[in-house]
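Trainee: Could we go through this one together? I'd like to know what stands behind each label.

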Amino acid sequence: MGKADIESDVFRRVMGHFPTGVTVVAARDVDGEPYGLTVNSFASVSLDPPLVLVCIDRRANSHDRLVETGTFTVSVLAANQAHIAARFASTPSRERFKDLPWGISAAGDPVVEDAAAWLECSLRESHEAGDHTILVGRVESVGQRDAEALVFHRGRYRTFAP
Ligand SMILES: Cc1cc2nc3c(=O)[nH]c(=O)nc-3n(C[C@H](O)[C@H](O)[C@H](O)COP(=O)(O)O)c2cc1C
């Protein structure tokens, strides 16, 4: 390893100082089964046209499916949905939507019920970037409700509530 290389765990800890929201990125597979994963690398890219990005680990089971499916949703989790973030980051993929209330976007993709906000996207571009792929989605429809967001900071789920 060269002098300039940063250890992954150090990089992760440093990036952990940057607080983010927490989302579930989801779609349906060829059999119509919903799948998704917890994602905090979500950002707004462009207003006109409305574009967002998410960065997906190429080793994630969802990776190839998301690239191939062409549509996905982003559910921005509410403060009381840390258990959903944990579930979509760890439990086996096919159990994540089990017994979880979810709605369906116009394109037929799953939206986590009671999320603070959601966006339905069609895949515009994908860019390989190191061990991740940057998926750029065009926002086709959105929804929101009056709810506090879930926050991820220094490896822990937090809320703005006192
Ligand atoms: C708070 C949090 C944020 C995460 N953000 C991302 C992310 O931005 N991109 C990603 O590929 N994985 C991210 N992960 C990891 C995935 O959610 C996790 O590896 C998941 O099990 C992948 O599921 P899959 O293999 O079924 O696709 C995050 C995990 C947590 C807990």
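Trainee: Why is Arg 138 called partly exposed?
Mentor: Arg 138 has a relative accessible area of 27%. Buried means under 20%, exposed means over 50%, and partly exposed is in between (1.4 Å probe, protein chains only). The 27% of Arg 138 sits between those limits, so partly exposed is the right label. Bear in mind that this is a predicted model, where local features need pLDDT of at least 70 and side-chain atom pairs count only at pLDDT 80 or more, while totals for chains, interfaces and linings use all residues. Residues are numbered from 1 along each chain as its sequence is written, and side-chain values use heavy atoms, with hydrogens and water left out.

Trainee: What makes Glu 140 and Arg 138 a salt bridge?
Mentor: Their closest N and O atoms are 4.0 Å apart. The rule asks for a side-chain nitrogen of Lys or Arg within 4 Å of a carboxyl oxygen of Asp or Glu, so the pair of Glu 140 and Arg 138 passes. Glu 140, at 44% relative accessible area, is partly exposed. Elsewhere, salt bridges that share partners join Asp 57, Arg 59 and Asp 131 into one network.

Trainee: How do you know that Arg 59 and Asp 57 meet in a salt bridge?
Mentor: It's the distance again: 2.9 Å, N to O, between the side chains of Arg 59 and Asp 57. As for accessibility, Arg 59 comes out at 64%, so Arg 59 is exposed.

Trainee: How many salt bridges does the structure hold?
Mentor: There are 4. One of them joins the side chains of Arg 65 and Asp 29, at 3.9 Å, N to O. Arg 65 lies in helix α2 and Asp 29 in the loop between β2 and β3, so this pair ties together parts that are 36 residues apart in sequence.

Trainee: What makes α2 a helix?
Mentor: A helix is a DSSP run of H or I of at least four residues, and a strand is a run of E of at least two, both numbered from the N terminus. Helix α2 spans residues 61-69, so α2 is a long enough run.

Trainee: Which residues of helix α2 are buried?
Mentor: Those are Ser 62, His 63 and Leu 66. They cover an arc of only 110° around the axis, so they are on the same side of α2; the arc is taken from the directions from the helix axis to the C-beta atoms. On the other side of α2, Asn 61 and Glu 68 are exposed.

Trainee: Why is Ser 62 called buried?
Mentor: Its relative accessible area is 3%, so Ser 62 counts as buried. Ser 62 is in contact (heavy atoms within 4.5 Å) with Tyr 35, Gly 36 and Leu 37, leaving aside its neighbours within four places in sequence. The cover over the buried residues of α2 includes β3 (34-39) and β5 (51-57).

Trainee: How do you know that β4 and β5 pair?
Mentor: Two strands pair if DSSP finds at least two bridges between them. For β4 and β5 there are 4 bridges, in the antiparallel sense, so the condition is met. Ala 43, for instance, has Leu 53 in β5 as its bridge partner. The two strands, β4 and β5, form a hairpin with 4 residues between them.

Trainee: What is the peptide bond between Asp 48 and Pro 49?
Mentor: That one is cis, with omega about 5°. Pro 49 lies in the loop between β4 (42-46) and β5. Most peptide bonds are trans, and most residues other than glycine have a negative phi. Asp 99, with phi near 60°, is a residue other than glycine with a positive value. Asp 99 is exposed, at 74% relative accessible area.

Trainee: What makes Ile 6, Val 10, Phe 11, Val 14 and Met 15 a patch?
Mentor: Patch members have over 30% relative accessible area and no salt bridge; like charges are joined within 9 Å, and nonpolar side chains (Val, Leu, Ile, Met, Phe, Trp, Tyr) within 5 Å. Met 15, at 44%, is partly exposed, so Met 15 clears the 30% limit. Together the five residues have about 480 Å² of accessible area, from the Shrake-Rupley method with a 1.4 Å probe; for residues, only the protein chains shown count as cover. Met 15 is found in helix α1 (residues 8-15).
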